[in-house]
Amino acid sequence: IADAPASMESGKLYQKYFAYKGFGYIFLAFIIAPTVELFLKVTAMPWDAHWLYVLIQQLRTWAIYMAIILRFTPLPHPQSLRVFELTQNVSNSDDDEDAQGDTDPLAE
């Protein structure tokens with residue numbers, strides 16, 4: 001990907017890369033969450049607050065599902081990568097400078 005020219009295909013590859021990178025963090029949270037929940041149950045929650053433990057488990061499950069859905073849902077208009085905006089602006093600004101002449105006050 002790094003050696004590819006700036007094109008729409010490389011933009012799609014970067015979107016996939018960022019999606020799977022985010023999925024790695026979601027998976028890590030999925031693996032670590034039961035340990036954290038058990039630690040909270042043993043140390044911080046009173047013995048009669050089992051409902052709170054179940055609530056935390058359900059919220060964790062909901063949050064993981066929502067994170068996966070939001071990460072992999074195709075957007076109606078995919079956000080463009082900044083590199084594509086920079087290539088368009090650089091070519092336009094070069095044409096503008098050529099038309100206006102050298103306006104740099106430090107260049108003598």
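How many salt bridges does the count come to? I went through the side chains of this predicted model and the count came to one salt bridge.

**The pair.** I looked up who takes part: the side chains of Arg60 and Glu37 meet, with 2.6 Å from N to O. Next I checked where the two partners sit. Arg60 belongs to helix H2, residues 50-72, and Glu37 to helix H1, so the salt bridge ties together parts that lie 23 residues apart in sequence.

**Around Glu37.** Is Glu37 buried or exposed? I found 5% relative accessibility for Glu37, and since buried means under 20%, this residue counts as buried. Then I listed what Glu37 touches, leaving out residues up to four places away in sequence: Tyr53, Ile56, Gln57 and Arg60. So I have Arg60 down twice, as a contact of Glu37 and as its partner in the salt bridge.

**Helix H1.** I moved on to the helix that holds Glu37, which is H1, residues 8-43. Glu37 has buried company there: Ser10, Gly11, Ala19, Gly22, Ile26 and Ala33 are buried in H1 too.

I also checked the span of H1. With 36 residues at 1.5 Å a residue, H1 should span 52 Å, and its end C-alpha atoms are 52 Å apart, so the two agree.

Where does H1 have a kink? I noted one of about 35° at Ile32. The proline Pro34 comes shortly after that spot.

Note on methods. Residues are numbered from 1 along each chain as its sequence is written. This is a predicted model: local features need pLDDT of at least 70, side-chain atom pairs count only at pLDDT 80 or more; totals for chains, interfaces and linings use all residues. Side-chain values use heavy atoms; hydrogens and water are left out. Helices (H or I, at least four residues) and strands (E, at least two) are DSSP runs, numbered from the N terminus. Buried means under 20% relative accessible area, exposed over 50%, partly exposed in between (1.4 Å probe, protein chains only). Contact means heavy atoms within 4.5 Å. The expected span of a helix is 1.5 Å times one less than its number of residues. The bend at a residue is the angle between axes fitted to the seven residues ending there and the seven starting there. A salt bridge is a side-chain nitrogen of Lys or Arg within 4 Å of a carboxyl oxygen of Asp or Glu.
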